[in-house]
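I opened the model today to follow one residue outward into the strands around it. These are my notes, in the order in which I looked things up.

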Amino acid sequence: MELKSCFAGNCTYGPVSATTTPCDDGNDATDDDTCLPDGSCAGTDRCSGLTCPPPAACHQPGTCYRGACSYQEMADGTWCSDGNNGTWNDVCQAGSCIGETLTCVGVVEGPAVFSNGCGGFDLGTTSWALFQIPGALCSCISETGQRHFAFGDVVDTASKCAQSICAGSNFRFTSCLWNGQVVATGSWTGSVVTVPFSHQDLLCESQGTPVTQRTPTTSTTST
(Lines give C-alpha, C1' and ligand atoms only; values in the text may rest on other atoms or scores of the structure.)
Protein backbone atom coordinates (compact mmCIF):
# COMPACT_ATOMS: atom_id res chain seq x y z
CA MET A 1 0.00 0.00 0.00
CA GLU A 2 1.10 3.57 -0.55
CA LEU A 3 0.19 6.83 1.16
CA LYS A 4 -2.53 8.64 -0.78
CA SER A 5 -3.24 11.69 1.36
CA CYS A 6 -2.92 13.12 4.84
CA PHE A 7 -5.29 15.77 6.34
CA ALA A 8 -5.50 16.91 9.91
CA GLY A 9 -3.42 13.98 11.06
CA ASN A 10 -5.49 11.42 9.24
CA CYS A 11 -3.80 9.46 6.47
CA THR A 12 -5.41 7.43 3.75
CA TYR A 13 -3.73 4.64 1.83
CA GLY A 14 -4.40 2.82 -1.38
CA PRO A 15 -2.87 0.16 -3.62
CA VAL A 16 0.27 1.10 -5.49
CA SER A 17 -0.45 2.27 -8.97
CA ALA A 18 2.18 0.10 -10.68
CA THR A 19 2.85 -3.63 -10.44
CA THR A 20 6.62 -3.29 -10.78
CA THR A 21 7.22 -1.96 -7.32
CA PRO A 22 9.44 -4.43 -5.46
CA CYS A 23 8.33 -5.85 -2.14
CA ASP A 24 8.86 -8.87 0.09
CA ASP A 25 6.11 -11.48 0.29
CA GLY A 26 7.82 -13.19 3.22
CA ASN A 27 8.34 -16.41 1.25
CA ASP A 28 12.02 -17.24 0.80
CA ALA A 29 11.21 -19.73 -1.96
CA THR A 30 9.86 -17.12 -4.38
CA ASP A 31 11.63 -14.62 -6.61
CA ASP A 32 10.80 -11.28 -8.22
CA ASP A 33 8.38 -10.23 -5.48
CA THR A 34 6.25 -7.30 -6.68
CA CYS A 35 3.24 -5.34 -5.50
CA LEU A 36 -0.10 -6.21 -7.01
CA PRO A 37 -2.91 -3.75 -7.76
CA ASP A 38 -4.95 -5.10 -4.84
CA GLY A 39 -2.21 -4.08 -2.44
CA SER A 40 -0.79 -7.54 -1.84
CA CYS A 41 2.79 -8.69 -2.45
CA ALA A 42 3.48 -11.86 -4.43
CA GLY A 43 6.51 -13.56 -5.90
CA THR A 44 7.10 -16.15 -8.59
CA ASP A 45 7.45 -19.79 -7.54
CA ARG A 46 9.95 -21.08 -10.08
CA CYS A 47 9.47 -24.64 -8.82
CA SER A 48 5.78 -24.74 -9.68
CA GLY A 49 5.20 -27.74 -11.96
CA LEU A 50 8.89 -28.64 -11.97
CA THR A 51 9.91 -32.19 -11.05
CA CYS A 52 13.39 -33.39 -10.17
CA PRO A 53 13.81 -37.03 -11.27
CA PRO A 54 17.09 -38.72 -10.33
CA PRO A 55 19.76 -37.78 -12.88
CA ALA A 56 21.58 -41.09 -12.43
CA ALA A 57 21.23 -44.51 -10.86
CA CYS A 58 22.93 -43.51 -7.59
CA HIS A 59 20.98 -40.34 -6.80
CA GLN A 60 17.78 -39.80 -4.86
CA PRO A 61 14.90 -37.83 -6.40
CA GLY A 62 15.77 -34.15 -6.09
CA THR A 63 14.24 -31.17 -4.35
CA CYS A 64 13.59 -27.86 -6.07
CA TYR A 65 14.48 -24.43 -4.69
CA ARG A 66 14.01 -21.30 -6.73
CA GLY A 67 13.91 -23.25 -9.98
CA ALA A 68 17.02 -25.34 -9.36
CA CYS A 69 17.08 -29.03 -8.45
CA SER A 70 19.48 -30.42 -5.89
CA TYR A 71 20.15 -34.10 -5.31
CA GLN A 72 21.53 -36.37 -2.64
CA GLU A 73 23.70 -39.34 -3.48
CA MET A 74 22.69 -42.82 -2.42
CA ALA A 75 24.86 -44.45 0.21
CA ASP A 76 27.98 -46.25 -0.96
CA GLY A 77 27.27 -49.95 -1.39
CA THR A 78 23.66 -49.48 -2.50
CA TRP A 79 22.78 -52.01 -5.17
CA CYS A 80 22.36 -50.47 -8.64
CA SER A 81 22.67 -51.27 -12.32
CA ASP A 82 25.32 -49.60 -14.45
CA GLY A 83 23.56 -50.75 -17.63
CA ASN A 84 26.60 -52.73 -18.73
CA ASN A 85 26.11 -56.47 -19.20
CA GLY A 86 29.87 -56.87 -19.06
CA THR A 87 30.04 -56.09 -15.34
CA TRP A 88 28.77 -57.67 -12.12
CA ASN A 89 28.28 -56.68 -8.46
CA ASP A 90 27.14 -53.18 -9.46
CA VAL A 91 27.04 -50.85 -6.43
CA CYS A 92 27.02 -47.10 -5.80
CA GLN A 93 30.37 -45.49 -5.10
CA ALA A 94 30.53 -41.73 -4.50
CA GLY A 95 27.37 -41.17 -6.53
CA SER A 96 28.34 -43.37 -9.46
CA CYS A 97 27.19 -46.90 -10.23
CA ILE A 98 30.28 -49.03 -10.70
CA GLY A 99 30.41 -52.71 -11.58
CA GLU A 100 33.22 -55.21 -11.58
CA THR A 101 34.59 -57.00 -14.59
CA LEU A 102 35.99 -60.51 -14.62
CA THR A 103 39.76 -60.60 -14.83
CA CYS A 104 42.39 -63.27 -15.14
CA VAL A 105 46.16 -63.05 -14.94
CA GLY A 106 47.58 -64.51 -18.12
CA VAL A 107 49.23 -67.90 -17.68
CA VAL A 108 50.97 -70.44 -19.90
CA GLU A 109 51.54 -73.20 -17.37
CA GLY A 110 48.94 -73.79 -14.69
CA PRO A 111 45.24 -73.15 -14.10
CA ALA A 112 43.17 -70.26 -15.37
CA VAL A 113 41.81 -68.43 -12.31
CA PHE A 114 39.17 -65.72 -12.67
CA SER A 115 38.38 -62.95 -10.21
CA ASN A 116 34.93 -64.41 -9.50
CA GLY A 117 36.35 -67.67 -8.21
CA CYS A 118 35.91 -69.72 -11.39
CA GLY A 119 38.57 -71.39 -13.45
CA GLY A 120 40.85 -74.34 -12.88
CA PHE A 121 41.59 -75.52 -16.39
CA ASP A 122 45.35 -76.15 -16.69
CA LEU A 123 46.39 -74.23 -19.79
CA GLY A 124 49.75 -75.95 -19.73
CA THR A 125 48.11 -79.14 -20.97
CA THR A 126 46.89 -77.49 -24.18
CA SER A 127 48.66 -77.51 -27.54
CA TRP A 128 47.87 -74.95 -30.23
CA ALA A 129 48.50 -74.90 -33.96
CA LEU A 130 48.30 -72.10 -36.49
CA PHE A 131 46.58 -74.29 -39.04
CA GLN A 132 43.17 -75.92 -39.19
CA ILE A 133 43.02 -79.13 -37.19
CA PRO A 134 40.43 -81.63 -38.45
CA GLY A 135 37.83 -82.09 -35.77
CA ALA A 136 39.14 -79.26 -33.57
CA LEU A 137 36.19 -77.56 -31.88
CA CYS A 138 38.10 -74.84 -30.03
CA SER A 139 39.99 -72.01 -31.66
CA CYS A 140 41.20 -68.69 -30.25
CA ILE A 141 42.30 -65.48 -31.93
CA SER A 142 45.29 -63.57 -30.54
CA GLU A 143 45.91 -59.83 -30.31
CA THR A 144 47.91 -60.06 -33.52
CA GLY A 145 44.93 -61.55 -35.35
CA GLN A 146 46.37 -65.06 -35.62
CA ARG A 147 43.93 -67.90 -35.16
CA HIS A 148 45.12 -70.80 -33.03
CA PHE A 149 43.49 -74.21 -33.08
CA ALA A 150 43.55 -76.51 -30.06
CA PHE A 151 44.52 -80.05 -30.98
CA GLY A 152 44.32 -83.23 -29.02
CA ASP A 153 41.44 -84.12 -26.73
CA VAL A 154 42.36 -81.82 -23.81
CA VAL A 155 40.03 -78.93 -24.69
CA ASP A 156 36.95 -81.10 -24.80
CA THR A 157 34.29 -78.70 -23.48
CA ALA A 158 33.09 -75.19 -24.28
CA SER A 159 33.94 -74.18 -20.71
CA LYS A 160 37.60 -75.16 -21.11
CA CYS A 161 37.68 -73.36 -24.43
CA ALA A 162 36.30 -70.21 -22.76
CA GLN A 163 38.86 -70.43 -19.95
CA SER A 164 41.59 -70.53 -22.60
CA ILE A 165 41.08 -66.76 -22.97
CA CYS A 166 43.58 -66.54 -20.07
CA ALA A 167 46.45 -67.92 -22.12
CA GLY A 168 49.24 -65.38 -21.75
CA SER A 169 52.77 -64.97 -23.08
CA ASN A 170 52.72 -65.00 -26.89
CA PHE A 171 49.05 -66.06 -27.09
CA ARG A 172 47.08 -63.24 -25.42
CA PHE A 173 43.78 -64.29 -26.92
CA THR A 174 41.04 -61.73 -27.48
CA SER A 175 38.32 -64.22 -28.40
CA CYS A 176 37.76 -67.96 -28.20
CA LEU A 177 35.25 -69.94 -30.23
CA TRP A 178 33.72 -73.35 -29.62
CA ASN A 179 32.35 -75.02 -32.73
CA GLY A 180 32.27 -71.63 -34.43
CA GLN A 181 30.42 -69.81 -31.61
CA VAL A 182 32.14 -67.15 -29.50
CA VAL A 183 32.38 -68.39 -25.90
CA ALA A 184 34.73 -65.75 -24.44
CA THR A 185 36.20 -62.38 -25.34
CA GLY A 186 38.88 -60.41 -23.58
CA SER A 187 40.96 -57.23 -23.62
CA TRP A 188 44.50 -57.18 -22.29
CA THR A 189 46.19 -54.61 -20.07
CA GLY A 190 49.68 -55.70 -19.24
CA SER A 191 49.49 -59.31 -18.05
CA VAL A 192 45.78 -59.15 -17.12
CA VAL A 193 42.87 -59.94 -19.42
CA THR A 194 39.44 -58.46 -18.72
CA VAL A 195 36.47 -60.62 -19.67
CA PRO A 196 32.85 -59.42 -19.89
CA PHE A 197 30.65 -60.77 -17.12
CA SER A 198 28.25 -62.10 -19.75
CA HIS A 199 30.68 -65.02 -20.26
CA GLN A 200 30.55 -66.06 -16.60
CA ASP A 201 27.99 -68.87 -16.90
CA LEU A 202 30.12 -70.74 -19.40
CA LEU A 203 33.38 -70.06 -17.60
CA CYS A 204 31.85 -71.53 -14.43
CA GLU A 205 29.82 -74.27 -16.10
CA SER A 206 31.49 -77.12 -14.24
CA GLN A 207 31.60 -75.29 -10.88
CA GLY A 208 28.10 -73.96 -10.34
CA THR A 209 27.53 -70.48 -8.97
CA PRO A 210 30.88 -68.76 -8.34
CA VAL A 211 31.57 -68.27 -4.67
CA THR A 212 32.08 -64.52 -4.95
CA GLN A 213 28.96 -63.75 -6.94
CA ARG A 214 26.61 -61.66 -4.85
CA THR A 215 22.82 -61.71 -5.09
CA PRO A 216 21.23 -58.49 -3.82
CA THR A 217 19.17 -58.98 -0.67
CA THR A 218 18.22 -55.33 -0.37
CA SER A 219 18.14 -52.55 -2.87
CA THR A 220 17.34 -48.88 -2.99
CA THR A 221 15.33 -47.79 -5.98
CA SER A 222 13.98 -44.43 -6.99
CA THR A 223 10.49 -43.92 -8.28
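Before reading any hairpin I fixed my terms: helices (H or I, at least four residues) and strands (E, at least two) are DSSP runs, numbered from the N terminus, and two strands pair if DSSP finds at least two bridges between them. I keep in mind that this is a predicted model, in which local features need pLDDT of at least 70 and side-chain atom pairs count only at pLDDT 80 or more, while totals for chains, interfaces and linings use all residues. Residues are numbered from 1 along each chain as its sequence is written, and side-chain values use heavy atoms, with hydrogens and water left out.

**Entry 1, overview.** I counted 2 helices and 18 strands in the protein. Buried residues (under 20% relative accessible area, with exposed over 50% and partly exposed in between, using a 1.4 Å probe and protein chains only) make up 33% of the 223 residues.

**Entry 2, the hairpin.** I found that β13 and β14 form a hairpin with 4 residues between them, and that G145 in the turn has a positive phi of about 90°. The two strands run antiparallel and are joined by 3 bridges, with C140 standing opposite H148 of β14.

**Entry 3, the other partner of β13.** Strand β13 (residues 138-142) also pairs with strand β15 (residues 173-178), in the antiparallel sense and over 5 bridges. I noted W178 as the bridge partner of C138, and S175 as the residue opposite I141. Of the 5 residues in β13, 4 are buried, and I therefore recorded the strand as mostly covered.

**Entry 4, the sheet.** I traced an open sheet of 5 strands in the order β12-β14-β13-β15-β16, with antiparallel pairing. Its edge strands are β12 (127-129) and β16 (181-185), each of which pairs on one side only.

**Entry 5, H148.** Is H148 buried or exposed? H148, which I located in strand β14 (residues 147-151), is buried, with a relative accessible area of 7%. Which residues does H148 touch, not counting those up to four places away in sequence? Taking contact as heavy atoms within 4.5 Å, I listed W128, A129, L130, C138, S139, C140, S142, F171 and F173. I also looked for a polar contact, that is, a pair of N or O atoms within 3.5 Å, where within protein one must be able to donate a hydrogen and the other to accept it, and residues adjacent in sequence count only if both atoms are side-chain atoms. The side chain of H148 reaches the backbone oxygen of Q146 at 3.4 Å.
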